[in-house]
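This report looks at how a disulfide, a sheet and a nonpolar core are arranged in one model. The sequence and structure come first, and the description follows.

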Amino acid sequence: QVQLVESGGGLVQAGESLRLSCAASGGTFSDNYMGWYRQAPGKQRELVAKMTSGRTTNYADFVKGRFTISRDNAKNAVYLQMSSLKPEDTAVYYCNAVVLGGGRLSNVWGQGTQVTVSS
């Protein structure tokens, strides 16, 4: 069974940094799509950053210049480096990716990791 597991969340102060990790088990990240989303209390889940084929990256306007999505094929992991964090970045962050496992591609979500930024 293909699974994604996020880690690296926590409580930080405004202006600090965090790096989120997303590890795949039971499969490998395809080149098709991987992304980080977030959901704050009472709000809809929103796209934060994504990487598509050719390692093309796109970012939501509210994180441009502060967050970076990357991948490490050797470690079968995807990362979200977050800098200059703001209280409004507080949310549960989710990893989403197309993963190759069991001979087929699957769109998989992780369980989420909490990021809390205090002012």
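## Disulfide, core and sheet

The torsion about the S-S bond of Cys-22 and Cys-95 is about -80°, so this disulfide is left-handed. Because Cys-22 belongs to strand 3 and Cys-95 to strand 9, the pair ties together parts that lie 73 residues apart in sequence. The model is a predicted one, and a search of the whole structure finds one disulfide in it. Its S to S distance is 2.1 Å, and both Cys-22 and Cys-95 are buried.

The largest nonpolar core has 30 residues, and those with the most contacts inside it are Leu-4, Phe-29, Trp-36, Leu-80, Met-82 and Tyr-93. The elements that give two or more residues to this core include those in the table.

| Element | Residues |
|---|---|
| Strand 3 | 18-25 |
| Strand 4 | 28-39 |
| Strand 8 | 77-82 |
| Strand 9 | 91-101 |

Strand 9 gives the most to this core, with five residues. Leu-4 touches both cysteines of the disulfide, Cys-22 and Cys-95, and among its other contacts beyond four places in sequence are Phe-29, Val-99, Val-108 and Trp-109.

Four strands form an open sheet in the order 1-3-8-7, with antiparallel pairing. Strand 1 (3-7) and strand 7 are the edge strands, each pairing on one side only, and neighbouring strands of the sheet are turned by 15° against each other on average, direction ignored. Within the sheet, strand 3 and strand 8 run antiparallel and are joined by six bridges, while Arg-19 stands opposite Gln-81 in strand 8.

Conventions
Residues numbered from 1 in each chain as written. Predicted model: local features only at pLDDT ≥ 70, side-chain atom pairs only at ≥ 80, totals over all residues. Heavy atoms only, no water. Core = buried A, V, L, I, M, F, W, Y, C linked by side-chain atoms within 4.5 Å. Buried < 20%, exposed > 50% of the residue type's maximum accessible area, 1.4 Å probe, protein only. Contact = heavy atoms within 4.5 Å. Disulfide = S-S within 2.5 Å. Pairing = 2+ DSSP bridges. Axes fitted to C-alpha atoms, helices over the stretch in contact; angles between N-to-C directions.
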